[in-house]
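Student: I am new to this structure and would love a close look at one part. Could you take me slowly through the place where the chains meet, and then show me what lies around it?

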Amino acid sequence: MSNLLSVENLTMKFGGLTAIDDLSFDAKNNQITSIIGPNGAGKTTVFNCLTGFYKPTNGQMFLHKEESKISLRKYTDFKIAYVAKVARTFQNIRLFPAMSVLENLLVAQHNKLMVASGYSLYGLLNLKTYRDKEQLAVDKAKYWLDIIGLTHRADDNAGDLPYGDQRKLEIVRAMCIEPRLLCLDEPAAGLNPRESAELNKLLKFIKTEKQTGILLIEHDMSVVMGISDHVVVLNYGKKIFEGTADQTKNSKEVIEAYLGVDE
Amino acid sequence: MEKKDIIQSFKDSLFTGFIALALFGPIVGLRTASKGEGLFITPQWGVVFLLVGLCILGRFLINLNSARTTEFTIFSKLASKFSAITEDKAKHFAITAILFAVVFPFLPFTDRYFMDVAIMILTYIMLGWGLNIVVGLAGLLDLGYVAFYAVGAYSYALIATTFGWSFWICLPLAGLFAAFFGILLGFPVLRLRGDYLAIVTLGFGEIIRIILINWYEVTNGPDGITGIPRPSFFGLPFKRSPDEGETSFHLFFNLEYSTMHRIIFLYYLILVLALITNYFTLKIRKLPVGRAWEALREDEIACKSLGVNPTNTKLTAFAIGAMFGGFAGSFFATRQAFISPESFTFIESAIIVAIVVLGGMGSQTGVVLASIFLIGITEMFRDLEQYRMIAFGGAMVLIMVFKPKGILANRKPTILMHGDKK
């Protein structure tokens, strides 16, 4: 299996604080790579560097595309999603609450629809080319809504959905930009066991059916151990362990980081 | 309700009356009048007692109302019923309103004064619809919208007086200029949101006004621009005695000359301009760029994470909103035939923002209702002179109390998957 993402010597400093210290790891296509670690270990900072919200102090991040590789450092802001096709979700859900579920999924296809609508010109003239493209976008939204079982609520406001459904909606909204890498920031936070199980199913589906690699930050070990192909453990911004889920469970360093060292 | 409560609320109202007496006593009760030589004080105790009595009674009624256990608020019920009707029958409502607007000039009770008020209300409706794009859809609180109105008015006035071009050429040019200024304002404020954005846009509005006052060589400063050409009916001017080789409107159609012709024409002109604004907004709201505006209002960070370019999206909102402000401005200039910086003060921006917010952010019908309500009420009480601003304030308070999210606050999705079931 080919490499999708390689992070090399990533360092991020905020003033005197080193949030990430010389971190290197790889993530592969069609695999779920989890980043775990105690609170404040720098997990979300890694995400913010990858998705262009922070500019790292040092280090490189590459996204591999067939034979070529593109450096994520070059892209900031909205270009990460637009050009590099790296999508993310947020620790505290960021939907567009006053817009309908369907609209949420259409905004995710904005750039495609913008071109299809001739930068609004064809749309204003109500040309058929645009209407067809819009229908395609709706069909795609429906495809994803069918998968998470929310088709019947497509016309309701996203803010009115139950918490678990909002989580799932945010994930499929990110999938609507057809990302190569999907970064999920604690998707299972606040979910009950049944909802976590559904989430696992959804992530496994994305992993196997779509050409997408998943990078996952998670505290819920039932999720991490259930679906991860590869686990990276951070503590104080440093990578302390890397391996499969089973190896991680039995690693002395990881247990020490979480539970402390026996005096 | 128990006896104790009544006594308590009675005491409370008496206390209110006492405060009212302390306030109204000197302010209303003592009036200076000049009689012969010097000023004398004429007491008006009757008015004071009336006001104090009203305060006591009002306070007592409020107390009674809040002491009740069952929910019974007639105003909010009426208000919600009203908005339910307008929402259910939105289409019928809109068609009726447009038909009424079309036949309005020919109704028996319509006179010159009614027409002037109607034109003013329509101007504000158009401005409200224009600002609705920026504030209601894109969620960018713009307190300097009058600047674009001014840019439109001055570009029209300057182009028309300098080059003598017709209204129909100057109108799009004025819109373009205003849109350009919209982008000019948009660039520096891209990173600002909410309160900070409001302050900068407020400053921008003032900057434009001050430039208009001080750039004497071009704008003629505080004296304003006079003799702005009136619009013509497709080349037929509204004049009693046309120039050599020209046919005027009344001669062409074989009518008795009347100043009302021009007023009616202006009325239809602003009606068409406003309806174009409305149609455009309704259309663009359903396009990707419109959805991106609303998404930006909801959550800018989420927008970025989905690859939506916030810079372009905001700038288009500013530019398009400003363009409609510019159109309204050129209409204003051609209607008045005289403009000066006096017409573009902050209060104008405030009224337009009030119309959008009170109408219900993003609601097109709401803007219409709020314009009629606010402008209509201030006009109705014109006889009260400066006190009519109290009526304006009162109208705002009433809306905010009974419909805190605006007259029509419900947002309809721009696209439906399951069709209109309700």
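Tutor: Happy to. Let us begin with what counts as touching: two residues are in contact if their C-beta atoms, placed from the backbone, lie within 7 Å. Please keep in mind that this is a predicted model.

By that rule, 27 residues of chain B are in contact with 31 residues of chain A. On the side of chain B that touches chain A, the helices α11 (260-285), α12 (288-298) and α13 (300-305) of chain B each supply at least two residues. The one that gives the most is α12(B), with 7 residues. As for the kinds of residue on this side of chain B, 15 are nonpolar, 5 are polar and 7 are charged.

Now step back to the partner, chain A. Chain A holds 11 helices and 10 strands, and its C-alpha trace spans about 75 × 40 × 35 Å along its principal axes. A compact globule of 263 residues would have a radius of gyration near 18 Å, and the 19 Å of chain A agrees with that. Of the 263 residues in chain A, 44% are buried. Among the contacts in chain A with a separation of 6 or more, 67% join residues 24 or more positions apart.

Chain A is also divided in its own right. Its domain assignment gives domain 1 (1-85 + 178-263) and domain 2 (94-167), and the C-alpha centres of these two domains of chain A lie 28 Å apart. Their contact takes 7 residues from domain 1 of chain A and 6 residues from domain 2 of chain A. On the domain 1 side, the largest share, 3 residues, comes from helix α8 (residues 193-209) of chain A. That side of domain 1 of chain A divides into 5 nonpolar residues, 1 polar and 1 charged.

Back to chain B, where the assignment gives domain 1 (3-72) and domain 2 (88-402). The C-alpha centres of these two domains of chain B lie 41 Å apart.

Two helices of chain B deserve a visit. Chain B has a helix α8 of its own, residues 194-214. Its 21 residues should span 30 Å at 1.5 Å a residue, and the end C-alpha atoms of α8(B) are 30 Å apart, which agrees. In α8(B), the residues B:Thr201, B:Phe204, B:Gly205, B:Ile208, B:Arg209 and B:Leu212 are buried. Seen down the axis of α8(B), the buried residues fall within an arc of 125°, so they line one face of the helix. On the other side of α8(B), B:Asp195, B:Tyr196, B:Ile210 and B:Asn214 are exposed. What covers the buried residues of α8(B) includes α6, α7 (167-186), α9 (216-219) and α15 (346-359) of chain B.

One of those covering helices, α6(B), is the last stop. Helix α6 of chain B runs over residues 146-163 and has 18 residues. From its first C-alpha to its last, α6(B) reaches 25 Å, close to the 26 Å expected at 1.5 Å a residue. Because 13 of the 18 residues of α6(B) are buried, this helix is largely enclosed by the rest of the structure. After α6(B) comes B:Gly164, whose phi is positive, near 70°.

How values were computed:
Residues numbered from 1 in each chain as written. Chains lettered and ligands numbered in written order. Predicted model: local features only at pLDDT ≥ 70, side-chain atom pairs only at ≥ 80, totals over all residues. Domains from an automatic or database assignment. Helix = DSSP H or I, 4+ residues; strand = E, 2+ residues; numbered from the N terminus. Nonpolar A, V, L, I, M, F, W, Y, C, P; charged D, E, K, R; others polar. Expected span 1.5 Å × (residues − 1). Buried ≥ 20, exposed ≤ 12 C-beta atoms within 10 Å, placed from the backbone. Rg over C-alpha atoms; globule rule 2.2 N^0.38 Å. Arc of directions from axis to C-beta.
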